[in-house]
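Reader: I would like to go through this model and ask how each label is earned. Please give the value and the rule each time.

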Amino acid sequence: MPTIDVAGTTLHFLDRGEGPVALFVHGFPLDSTMWLDQIERLSDLRRCVAVDLRGFGRSSAVTDEVLTMERHGEDLVALLGALGIESADVVALSMGGYVALYLAQVYPELIRTLALVDTRAAADTSEGRAGRDEAVRRVLGEGRRSFAEGMLMVLVAPNASVTTRARMRSMMEGTRYETMVAALRGMRDRPDRTAILARIGVPTSVVVGELDAVTPPADACTMADVLPDATVTVIEGAGHMTPLEAPDRVATALRRLWARSEPAGIPVSTDA
Ligand code: MLT
């Protein structure tokens, strides 16, 4: 797995496939391996770069009190720059989507197409912010295994497979305590980026699980209503983790999105 030194830390990333670059940005408290099913299905079409965000996965440990979405966004800009990548198809789940919307706000030229998967543009409500502080207390007081078990109930649909649950546990129980705490604070403090949506001129795909309890379909539709060039895919029976719960459906949505950015005349298969 390649690494790169950016802004005082070392980031790990998966780098597979050929073609234009697709940049995959994971959610909380996960890592780049959440995208393995998409990489397997799409590396014939794209060079798939899936990063472990600062502090997550196999990227270096950090001591930041707060890991902001802006910090992660700047890391992605540095990563793309170091790899000589001018623009990418950005695919981002949940917290990754919060980071992608920072990129859309400040570095729109880096985004060729955008997939907003199980995410939202709005900030946390005051209740949500209090919930983040309570989650920090749980991580520190009860440990990450107990926290992960609680989150798992919310993140995946009741019928999610044993394998999906095992992969989720591996990622969550492998995330450092200090990263969890700093990222919870970063999500708590993120601004509302709803106003950015109307300025996103590139083809966009909004994907959401029908049973997503964290960022429900209503949030997806709210975003799609103001995005200038968006399609919405609601995946039946899936929860918040559609890339793991419904890998074929998500890969198909991405193929369709990327076909929208191809010059006319170049056929792109939309088969899963
Ligand atoms: C995620 O999946 O990244 C988180 O659940 C997002 C959040 O807690 O807001």
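Reader: What makes β1 and β2 a hairpin, and which residue in the turn has a positive phi?
Author: Two residues lie between β1 and β2, and A7 in the turn has a positive phi of about 40°. This is a predicted model, where local features need pLDDT of at least 70, side-chain atom pairs need 80 or more, and totals for chains, interfaces and linings use all residues. Residues are numbered from 1 along each chain as its sequence is written, and side-chain values use heavy atoms, without hydrogens and water.

Reader: How do you know that β1 and β2 pair?
Author: Pairing takes at least two bridges found by DSSP between two strands, strands being DSSP runs of E with at least two residues, numbered from the N terminus. β1 (residues 3-6) and β2 (residues 9-16) have four bridges in the antiparallel sense, so they pair. I4 stands opposite L11 in β2.

Reader: What does β2 pair with over four bridges in the antiparallel sense?
Author: β2 pairs with β4 (residues 47-51), and there D15 has V49 as its bridge partner.

Reader: Why is the link between Y98 and the ligand called a polar contact?
Author: A polar contact is a pair of N or O atoms within 3.5 Å; within protein, one must be able to donate a hydrogen and the other to accept it, and residues adjacent in sequence count only if both atoms are side-chain atoms. A polar side-chain atom of Y98 lies 2.6 Å from an oxygen atom of the ligand, so the pair qualifies. A backbone N or O atom of F28 is 2.7 Å from a ligand oxygen atom.
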